[in-house]
Amino acid sequence: MGIQYLDMRQDSGIGVLDKAVGVLHAVAQAPCGLADLCARTGLPRATAHRLAAGLETHRLLARDTAGRWQLGPALSELSAAVGDPLIAAGAAVLPGLREITGESVQLYRREGSTRVCVAALEPPAGLRDTVPVGSQLPMTAGSAARVLLAYSDDATQRALLPGAAFSERTLTEVRRRGWAQSAAEREPGVASVSAPVRDGTGVVIAAVSVSGPIDRMGRRPGERWAADLLAAADDLTARL
């Protein structure tokens with residue numbers, strides 16, 4: 001049975017608005033076609049299609065190369081419009097990191113027990129690790145999850161570590177060397193390396209990542225990209 005996103009959100013009393021927001025949250029979990037969207041939201045096919053098509057018209061949803069709905073560019077544009085300094089810093093730093101590595105690059109921010117992709121760039125050609133902006137990913141798998149959880153409060157670590165693909169010892173190692181790597185942990189065939197981004201007070205507020213196919217990145221991508229990634233993380237921190 002699909003996850004019922006609509007039941008997890010507050011009821012505003014405006015039915016069509018609540019359903020549209022439910023569609024956005026469902027698509028944020030992962031790109032999906034109509035059948036998956038219906039399963040995730042519990043909406044009838046005609047209603048789900050009508051809402052998704054309307055959101056696509058307003059560029060809140062878009063289609064990927066497989067024709068699946070994913071979060072659209074209007075969401076990141078709205079975020080940038082309110083002057084989010086992290087997104088502004090990412091816009092200045094991520095293009096250079098992508099050019100150096102030739103791989104996908106992302107910027108993640110922790111929101112509760114999940115991490116949200118707030119900025120992402122893909123390489124111009126070749127296999128990619130596509131993570132749409134707005135995607136909600138677990139804090140229990142992947143190098144960015146390791147970084148964000150390593151610098152989270154003790155209560156969050158105690159709550160999430162029992163279900164994580166890594167251990168408390170892993171988080172200690174992340175804090176010691178200042179970056180994390182993973183291979184086929186969040187998704188088969190994908191490797192990634194991540195580093196913490198700090199605000200002006202030194203608090204970790206995000207993770208910057210490089211990800212791509214294991215065939216290119218290798219199972220120890222940090223050996224190749226950690227230095228460049230740390231330089232990008234330092235640049236992001238300086239801009240904040």
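Here are legends for four close-up views of this predicted model.

**View 1. The largest nonpolar core brings helices and strands together.** This core counts 27 residues, and Leu 97, Leu 107, Val 197, Val 208, Val 210, Leu 229 and Leu 236 have the most contacts inside it. At least two core residues come from each of α5 (85-101), β3 (104-111), β4 (114-121), β7 (190-198), β8 (204-213), α9 (214-217) and α10 (222-239). Apart from this core lies another one, with 20 residues, including Val 23, Ala 26, Cys 38 and Trp 69. As a general background, nonpolar side chains in soluble globular proteins tend to be buried together.

**View 2. Leu 236 and the residues it touches.** Which residues is Leu 236 in contact with, leaving aside neighbours within four places in sequence? They are Ala 89, Gly 90, Val 93, Leu 107, Val 197 and Val 208.

**View 3. Helix α2 and its buried residues.** Within α2 (residues 34-41), look for Leu 34, Leu 37, Cys 38, Arg 40 and Thr 41, which are buried. These residues lie on the same side of α2, because they cover an arc of only 165 degrees around the axis. Their packing partners are α1 (15-29), α3 (45-57) and β2 (69-71). Just after α2 comes Gly 42, with a positive phi of about 80 degrees.

**View 4. A nonpolar patch on the surface.** Ile 14, Val 16, Leu 17 and Val 21 make this patch of about 330 Å². Val 16 belongs to helix α1. Is Val 16 buried or exposed? Val 16 counts as exposed because its relative accessibility is 54%, and the cut-off for exposed is over 50%.

Key: Residues are numbered from 1 along each chain as its sequence is written. This is a predicted model: local features need pLDDT of at least 70, side-chain atom pairs count only at pLDDT 80 or more; totals for chains, interfaces and linings use all residues. Side-chain values use heavy atoms; hydrogens and water are left out. A nonpolar core is a set of buried Ala, Val, Leu, Ile, Met, Phe, Trp, Tyr and Cys residues joined through side-chain atoms within 4.5 Å. Buried means under 20% relative accessible area, exposed over 50%, partly exposed in between (1.4 Å probe, protein chains only). Helices (H or I, at least four residues) and strands (E, at least two) are DSSP runs, numbered from the N terminus. Contact means heavy atoms within 4.5 Å. The arc is that of the directions from the helix axis to the C-beta atoms. Patches are made of residues with over 30% relative accessible area and no salt bridge: like charges are joined within 9 Å, nonpolar side chains (Val, Leu, Ile, Met, Phe, Trp, Tyr) within 5 Å. Accessible areas come from the Shrake-Rupley method with a 1.4 Å probe; for residues, only the protein chains shown count as cover. A salt bridge is a side-chain nitrogen of Lys or Arg within 4 Å of a carboxyl oxygen of Asp or Glu.
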